[in-house]
Structures are given as C-alpha cells and as structure tokens.
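Reader: I have a sequence and a model in front of me. Can we go through it together?

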Amino acid sequence: MSPTDNNMIGKQIVTKIDALIDVIMSVSLQNKESREELYRRGCDLIREVSVLLEKFLGTSEYYIKQAIQELVKQRLPVNESLVEDFFDILEKMLFYEAPLSAESTSGKISFTATCDDLQRALSFLFPNTRIIKNCRFQGVDLEYYIPSCKLAVVNAAKEKCLQARKDYICKSHGIQLIRVDPQKLTGYREIIRHIKRELRQFS
C-alpha cells in the first residue's frame, strides 16, 4: 500500500474507534432494547476496524483484538469519566464478535497443512461450529473456545501459569474447561476420545 492509502486507512480506523468509544459510553445509560441495539452496533464497529487492521497486522484474531484494546485506551477522552463497566463492555464486544480471518470466516477452523492434532480433533468433533482460536477472556488465554457449547480446550503442555485463575474464570462463567496434552496422546483420534470422555463426565 502507498503512504496515502495507509494514511486514509489510519483515519478510518481512528474514526471508527472514536465511534466505538461513544457506543460503549452510551450502553450503560440505555434501557434493555436500546442497549442491545447499541451492543450490536459496537460489535459491527469492531468487525469493521478488524478488517482495516488486517491490512497492517495480518489475520491473527488475537493481535487484532489486542490492537483494538490499545487503540481504545489511546483515544479515550482525558478529562471525561468513564462508565464503571466500560472495559467489561469492550471485552464482551471483542469476545463475541465473529472471527474475520480467512481461516475462520466460515465459522469454523479449517484444515491446513500446519493443522495440529488438537485443532484437527476439534474440527472433527464440532463441524460447522464457530471455534475461536487464541481467545482472550477476562484476562486469561483460552487456546480454543466454542461459544455455542460454552467449552474451552487448552493444550496442557503449553500452560505455564495462571491455571488456577483460568479454572476460576471458566467455572464462574459456566464454561467447561478441558485440558489436553497431545504429547501424551497418540494422534488426533485419541485426542477425540479424551475430549469425549471429559464431556461425558461434565454432563
């Protein structure tokens, strides 16, 4: 892209971020029906900003959401007091907005040459279901999250800290958390069996 194009896209991003801030500030002040309409508008703005940010950051949903959070913080009015739950509303809008990357536009994670066994197992178990990869929720990272099932799946071998906090956050929000260690399971079919066993125990 030329410098002119970059500048134009940058201005569009700033305009939409400012509009998003206005929407969030208004959400808490409205009745239920108006609040839902504003909430949808906020999610729409996030999708529009995400499409623009992809031109600079690529299609990583995690980095795009992090960038939106930082842009919102930078654009907040200096002397204006925020509604008490401002950042909670922002996080919910970010969390529930649909993935935009080419890999997940269809609502599910697609198979690729680099698809790991855990990802392959989830795609097999939950076909045509929206699976969010590298989801940031309430301050913790969920490697895979399936909103319609209230299910989070993480690679236990990659977890380094905050396991107790992750357990608490998921439990308090009614999310079933399943840990899988692909290093101890042979192939994606064994991972599928493990996840099915965990799901039966929960139900």
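Author: The questions below go from a helix pair to the cores and then to two backbone angles, and the model is a predicted one.

Reader: At what angle do the axes of helix α1 and helix α2 cross?

Author: Two packed helices are described by the angle between their axes and the distance between the axes. Take the distance first: the axes of α1 (residues 3-27) and α2 (residues 32-57) come within 9 Å. The crossing angle is roughly 160°.

Reader: Is α1 roughly parallel or roughly antiparallel to α2?

Author: Angles over 145 degrees count as roughly antiparallel. The axes cross at roughly 160°. That makes α1, relative to α2, roughly antiparallel.

Reader: In the contact of α1 with α2, how many residues are nonpolar?

Author: On the α1 side, the contact includes Ile-9, Ile-13, Lys-16 and Leu-20. On the α2 side, Arg-35, Leu-38, Gly-42 and Phe-56 are among them. Sorted by type, four residues are polar, five are charged, and the nonpolar ones number 14.

Reader: Which element gives the most residues to the largest nonpolar core?

Author: In soluble globular proteins, nonpolar side chains tend to be buried together. Here the largest nonpolar core has 26 residues; Leu-20, Ile-68, Val-72, Phe-86 and Met-93 touch the most other members. Two or more residues each come from α1, α2, α3 (61-75) and α4 (86-96). The top giver, with nine residues, is α1.

Reader: Which residues does Leu-20 touch, leaving out those up to four places away in sequence?

Author: Leu-20 is one of the residues that touch the most other members of the core. Leu-20 also belongs to the α1 side of the contact with α2. With sequence neighbours up to four places away not counted, Leu-20 touches Gly-42, Leu-45, Ile-46, Ile-68, Val-72, Leu-90 and Met-93.

Reader: How many residues are in the other core?

Author: This core lies apart from the one with Leu-20. Leu-122, Val-153, Ile-191 and Ile-192 are among its members. Its count is 16 residues.

Reader: What is phi of Asn-134 near?

Author: Most residues other than glycine have a negative phi, and most peptide bonds are trans. Asn-134 lies in strand β1 (residues 132-137) and is partly exposed, with a relative accessible area of 39%. Its phi is positive, near 55°.

Reader: Is Gln-138 buried or partly exposed?

Author: Gln-138 sits in the loop between β1 and β2 (140-146). Its phi is positive too, near 50°. Buried means under 20% relative accessible area. Gln-138 has 21%, so it counts as partly exposed.

Definitions and conventions:
Residues are numbered from 1 along each chain as its sequence is written. This is a predicted model: local features need pLDDT of at least 70, side-chain atom pairs count only at pLDDT 80 or more; totals for chains, interfaces and linings use all residues. Side-chain values use heavy atoms; hydrogens and water are left out. Axes are lines fitted to C-alpha atoms, for helices over the stretch in contact, and angles run from 0 to 180 degrees between N-to-C directions. Helices (H or I, at least four residues) and strands (E, at least two) are DSSP runs, numbered from the N terminus. Angles under 35 degrees count as roughly parallel, over 145 as roughly antiparallel, 65 to 115 as roughly perpendicular and the rest as oblique. Contact means heavy atoms within 4.5 Å. Ala, Val, Leu, Ile, Met, Phe, Trp, Tyr, Cys and Pro count as nonpolar, Asp, Glu, Lys and Arg as charged, and the others, Gly among them, as polar. A nonpolar core is a set of buried Ala, Val, Leu, Ile, Met, Phe, Trp, Tyr and Cys residues joined through side-chain atoms within 4.5 Å. Buried means under 20% relative accessible area, exposed over 50%, partly exposed in between (1.4 Å probe, protein chains only).
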